[in-house]
Amino acid sequence: MVHPLNEEGVDPFDFAEKAAQKIAEISGIEKHDIALTLGSGWSKAADLIGETVSEIPADQIPGFHKPAVVGHVGTLRSVRLPNGKHALVIGARTHFYENHGVRAVVHSVRTAAKAGVKTMVLTNGAGGIKPEWEGGTAVLISDHINLTASSPLEGANFVDLTDLYSSRLRAIAKEVDPALDEGVYVQFRGPHYETPAEVQMAKHLGGHIVGMSTALEAIAARESGMEILGMSLITNLAAGIQSTPLSHEEVIAAGKAAEAKISQLLAEIVQRL
Ligand code: 8IG
């Protein structure tokens, strides 16, 4: 089945506009200020950041669908923050490895932009390359290396990616938790985890975090003019850095164990954005 965004004649920005209108219609909130994509381990933040105005199943919004992965939520929420701002919480991420195409991967980000969002918070669960990061550590993304061999941009659209993960927003996060470390996120296609040799490659290229999301979304967010904060929950050390094999169950368990703490951290950061 062809994903609706890939049908002939579809403009992905018009489609995002339709999705944003539907969100406004259902939630009654005309404009959102901040959006958060909550990856594995981060979903509790949706309850902590403010008062939920509306929770919408993903399949009611054009271009969105229920998640492929156990441990992802499958809804969009409109949340009113204590400071009166409105956050759009995206609990339905489409991964590149699902093979719906890159338009589907960045649709939520483009929808957020059309909903009025100026600050995009992208979170994920990921593997760590720095051995001092224990499972359950939250880290800031300082930059990325995109190893998907793809881009969400179409045509000769030469978008600058300097300071993609805003140093201003990272400084705000460090005000909340001065111990927050940061690193370069390397997006692999997945869905298999890396071989130990690929993890060594990522390390030698200057990477510190390995994952299967976020980089393509960040590029689209920059294209749409949003300021980006990226955070990873290190649920496991990357293959070969940890001596035991990786398992999705273990990753979910590490996420659950860290969820309360990192969600509280994210809620405090969001309050200051
Ligand atoms: I959670 O070790 C999680 N997601 N690519 N590698 C990649 N993605 C991940 C990993 C990991 N852990």
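**Close-up views of a predicted model**

**View 1. Ala149, an exposed loop residue.** Ala149 is exposed, because its relative accessible area of 84% is over the 50% cut-off. The model shown here and in the other views is predicted. Ala149 sits in the loop that runs between β6 and α4. Its phi is positive, near 60°, although Ala149 is a residue other than glycine. Most residues other than glycine have a negative phi.

**View 2. Thr214, a buried loop residue with a positive phi.** Thr214 is not a glycine either, yet its phi is positive, at about 70°. The loop that holds Thr214 lies between β8 (residues 209-211) and α6 (residues 215-223). Is Thr214 buried or exposed? Thr214 is buried, since its relative accessible area is 0% and buried means under 20%.

**View 3. The cis peptide bond before Pro191.** The bond that links Gly190 to Pro191 is cis, and its omega is near 0°. Most peptide bonds are trans. Pro191 belongs to the loop between β7 (residues 181-187) and α5.

**View 4. Helix α1 and its two ends.** Helix α1 covers residues 12-27, which makes 16 residues. Its end C-alpha atoms are 22 Å apart, in agreement with the 22 Å that a rise of 1.5 Å a residue should give. At the N-terminal end, Asp11 acts as a cap: one of its side-chain oxygens is 2.8 Å from the backbone nitrogen of Phe13. After the helix comes Gly28, with a positive phi near 75°. The buried residues of α1 are Pro12, Phe15, Ala16, Ala19, Ala20, Ile23, Ala24 and Ser27. Their cover includes strands β2 (51-57), β3 (75-80) and β4 (86-90), together with helix α3 (102-114).

**View 5. Arg77 and Thr52, joined through their side chains.** Arg77 is in strand β3, and Thr52 is in strand β2. A polar contact of 2.9 Å connects the two side chains. The side chain of Arg77 also makes a polar contact of 3.5 Å with that of Glu55. Which of the words buried and partly exposed fits Arg77? Arg77 counts as buried, because its relative accessibility is 14% and the limit is 20%. Thr52 has a relative accessibility of 31%, so it counts as partly exposed. Leaving out residues up to four places away in sequence, Arg77 touches Ala46, Asp47, Thr52, Ser54, Glu55, Ala87, Leu88 and Val89. With that rule applied to Thr52, the residues touched are Ala46, Arg77, Ser78 and Val79. Thr52 and His65 are 13 residues apart along the chain, and their C-alpha atoms are separated by 21 Å.

**View 6. The ligand and the residues around it.** Which residues surround the ligand? They are Gly125, Ala126, Gly127, Tyr193, Glu194, Val210, Gly211, Met212, Thr235, Asn236, Leu246 and Val251. Glu194 has a polar side-chain atom 2.4 Å from a nitrogen atom of the ligand. An N or O atom in the side chain of Asn236 is 2.8 Å from a ligand nitrogen atom. From Gly127, a backbone N or O atom lies 3.4 Å from a nitrogen atom of the ligand. The ligand taken alone exposes 330 Å², and the protein buries 95% of that area.

**View 7. Val199, a buried residue of helix α5.** Val199 is part of helix α5, which covers residues 196-204. Because its relative accessible area is 0%, Val199 is buried. What is Val199 in contact with, leaving aside its neighbours within four places in sequence? The contacts are Ile129, Glu194, Ala238, Ala239 and Ile241. His248 is 49 residues from Val199 along the chain, and the two C-alpha atoms are separated by 18 Å.

**View 8. Helix α7 and its bend.** Helix α7 has 25 residues, from 248 to 272. From its first C-alpha to its last the helix reaches 33 Å, close to the expected 36 Å. Where does α7 bend? The bend is at Glu259, by about 55°. Glu259 is also one of the buried residues of α7, which include Val251, Ala254, Gly255, Ala258, Ile262 and Leu266. The buried residues pack against strands β1 (34-37), β5 (119-128), β6 (137-146) and β9 (227-237), and against helices α2 (45-48) and α4 (167-176). Val251, buried in α7, is also among the residues around the ligand.

How values were computed: Residues numbered from 1 in each chain as written. Predicted model: local features only at pLDDT ≥ 70, side-chain atom pairs only at ≥ 80, totals over all residues. Heavy atoms only, no water. Helix = DSSP H or I, 4+ residues; strand = E, 2+ residues; numbered from the N terminus. Buried < 20%, exposed > 50% of the residue type's maximum accessible area, 1.4 Å probe, protein only. Contact = heavy atoms within 4.5 Å. Expected span 1.5 Å × (residues − 1). Bend = angle between axes of the 7 residues up to and from the residue. Polar contact = N/O pair within 3.5 Å; in protein donor to acceptor, adjacent residues only side chain to side chain. Near = heavy atom within 4 Å. Areas by Shrake-Rupley, 256 points an atom, 1.4 Å probe, with all protein chains shown as cover.
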